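I opened this notebook to record what I looked up, beginning with one chain and moving on to how the chains meet and how charged side chains pair.

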Amino acid sequence: MNFLKNLFKQPGRNAVIAVPFLWLTFAFLIPFLIVLRISFADLDSGDGGPFGTLLTVADGILTLKIKFANYLFIAQDELYAITYLNSIKFAAITAALCLTIGYPFAYFMARAKPAMRPVLLMLVMMPFWTSFLLRIYAWKGILANNGILNSFLLNLGVISEPLHLMNTQFSLIIGMVYAYLPFMILPLYANLVKMDVRFIEAAADLGATPWQTFWRITVPLSKSGIIAGTMLVFIPAVGEYVIPELLGGPETLMIGRQLWDEFFTNNDWPLASSVTVVVILLILVPMAIFNKYQAEQEARK
Amino acid sequence: MTRFLHRWFGRGWLSLGYLFLYIPIVVLVVFSFNSSRQDMVWSGFSLQWYAALLNDQEILSGFGLSLRIALLTACGSVVLGTFAAFVLDRYQRFTGRTLFTGMVSAPLVMPEVIIGLSLLLMLVSVQKMFGFPERGLVTIWLGHTLLGMAYATVVVQSRLQEMNKSLEEAAMDLGCRPFQVFFLVTLPNIKQALGSAWLLTFTLSLDDVVLSAFLSGPGSSTMPIVIFSRARLGLDPRVNAVAALTILVVSIGVIASSLYIARVERLRSKQLAAAAKG
């Protein structure tokens, strides 16, 4: 009752809330519920297929029909285990490499002259305005057997035969690191540029070597930037589709591609839905950790 | 000596990093003028790929469709994102706030394959019930706007948080109704954020492959879908020409907008200085 009373007390406010709320319910929540529902169905079960109802009333008995066949299939088929593990593996490698390259990058950006910083920042953001798809496509031209890198090395005489780089783990990881590096640099830069340099000066005054200062002062102080950057790279990388499809090979099967194939090539919608539900669970865990960490950070401020 | 090393190591690292970020872009532009058909080996200057592009109906009509969808997406995302940002920033307590917060930001981290698949399955169910909508412009718009709204919300919300709320209170005290306060005080204050959210969601829509592929029907291929399907098959020099043209447009846009922002900033600091003088 209280809820209803509140609902009509502030009509303007409630209308403002209702517009985005209804939109998200329709465009985000309901689709997921449908996926969840279809993931419990059979491809062809004679009861209206994946779009039939789960609840049926026959002879006065309410039956709830949930089929775990798809989930069992995913659990038993080795291919899925490999695909899920591959996704996590390549996302983790990408995040680690982005951190290794991006941390010094963000550090030197933050230590540049204040007048230079906006320019350096702008140069990191600029590639975002060029199509992601085209930038990934460019790597095909660079890494292909008759591509730029190979012809460059051949002309130099470093190699006598073109290296096979495309459609390997190498090309996949290059593309992933390339695409996600700015997502690592930007939060790290925002963190490092705010750092109080007096801590660093104090450490130097107390006799710390530059390395000691870096490892014992700078890195711990930038912990939240490191975590934010790593999550911003890792989480979307797990579900990446375009990069593995364009640059990856047969041994770099990732879950995004698997899902796509299940859906478009095999036309197995229930199985694709189950794969989706598992991916969501897989992504929700790191996301929850990240959110909890952020909430703790907020609380400390 | 260490300072010297430190400085040069820093410069070296930054240069290599920028080189890595920009090499693919430079390669696309340079090789769009290549006369060779097959590989990425330079064999002379030529504009033939630009000419080929002008006769490429598939890409041209894809571009037209992409442009229309991007315009609609940017507008829809900004409107919905502003609503959502306003709700998140101003209404701390209401039933379902946790769910709301989760739903607003979830599209940012959900893989696009998943969003695309779930939207398509929903559209198929709706179509089974009502016989519409046909897959095409509207359904692609729906997916793009769902994603764009999440980005627009982040941009607008951060501006709303910074905004000086006493301006709104003052307007309220002077007798403005809530709608007037919003349109006369709040909107002008956040208009820059709305502008950047619009541009961001516009480019996002123009670039999207995965959602578009799930939500498009026969005969409604956007430009990224066309490019993607060609890129899967191999290298296509016409794609380099498309890339070079987008880079040209983007550079002009970025330079023009940074000049404009610099001018606005100058005006503002002048006004502030004048106000401080009294």
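By a contact I mean heavy atoms within 4.5 Å. With that in hand, I looked up how the contacts in chain B with a separation of 6 or more are distributed, and found that residues 24 or more positions apart account for 68% of them. I note here that the model is a predicted one.

Entry on chain B. I listed the secondary structure of chain B and found eleven helices and zero strands, so my note on the order along the sequence, α-α-α-α-α-α-α-α-α-α-α, simply follows that of the helices. I then looked up the radius of gyration, which is 24 Å for chain B, whereas a compact globule of 278 residues would have one near 19 Å. Taken along the principal axes, the box filled by the C-alpha atoms of chain B is roughly 70 × 70 × 40 Å. Of the 278 residues in chain B, I found 46% to be buried.

Entry on the interface. I next looked up what chain A and chain B share, and recorded a buried area of about 7300 Å² between them, with 84% of it on carbon and sulfur atoms. Trp23(A), Trp129(A) and Tyr137(A) supply 11% of the area that chain A buries against chain B, which is more than any other three residues. The contact involves 77 residues from chain A and 79 residues from chain B. Between the two chains I noted eleven residue pairs in polar contact, counting pairs with both residues at pLDDT 80 or more. On the side of chain A that touches chain B, the largest share comes from helix α2 (residues 11-39) of chain A, with 19 residues. I also sorted that side of chain A by class, and it has 61 nonpolar, twelve polar and four charged residues.

Entry on the salt bridge between chains. How many salt bridges does the rule find across the interface of chain A and chain B? It finds one, while the structure holds 13 over all chains. I looked up Glu245(A) and Arg232(B), whose side chains meet in a salt bridge at 2.9 Å, N to O. This pair joins two chains, because Glu245(A) lies in helix α12 (residues 242-247) of chain A and Arg232(B) in helix α10 (residues 223-233) of chain B. Arg232(B) has 36% relative accessibility and therefore counts as partly exposed.

Entry on the charged network in chain B. I followed Arg238(B) next, and found that Asp56(B) forms a salt bridge with Arg238(B), the closest N and O atoms being 3.2 Å apart. The two partners are 182 residues apart and link distant parts of the chain, with Asp56(B) in the loop between α2 (48-54) and α3 (57-90) of chain B and Arg238(B) in helix α11 (residues 237-277) of chain B. Arg238(B) also forms a salt bridge with Asp236(B), where the closest N and O atoms are again 3.2 Å apart.

Are these partners buried or exposed? Asp56(B) is at 6% relative accessibility and so counts as buried, and Asp236(B) is buried too, with a relative accessible area of 8%. Arg238(B), at 24% relative accessibility, counts as partly exposed, because the cut-off for buried is under 20%. I closed this entry by writing down the network of salt bridges that links Asp56(B), Glu58(B), Arg230(B), Asp236(B) and Arg238(B).

How values were computed: Residues are numbered from 1 along each chain as its sequence is written. Chains are lettered from A and ligands numbered from 1 in the order in which they are written. Side-chain values use heavy atoms; hydrogens and water are left out. A salt bridge is a side-chain nitrogen of Lys or Arg within 4 Å of a carboxyl oxygen of Asp or Glu. Helices (H or I, at least four residues) and strands (E, at least two) are DSSP runs, numbered from the N terminus. Buried means under 20% relative accessible area, exposed over 50%, partly exposed in between (1.4 Å probe, protein chains only). Buried area is the accessible area (1.4 Å probe) that two parts lose on being put together, summed over both. A polar contact is a pair of N or O atoms within 3.5 Å; within protein, one must be able to donate a hydrogen and the other to accept it, and residues adjacent in sequence count only if both atoms are side-chain atoms. Ala, Val, Leu, Ile, Met, Phe, Trp, Tyr, Cys and Pro count as nonpolar, Asp, Glu, Lys and Arg as charged, and the others, Gly among them, as polar. The radius of gyration is taken over C-alpha atoms; the globule rule is 2.2 Å times the number of residues to the power 0.38.
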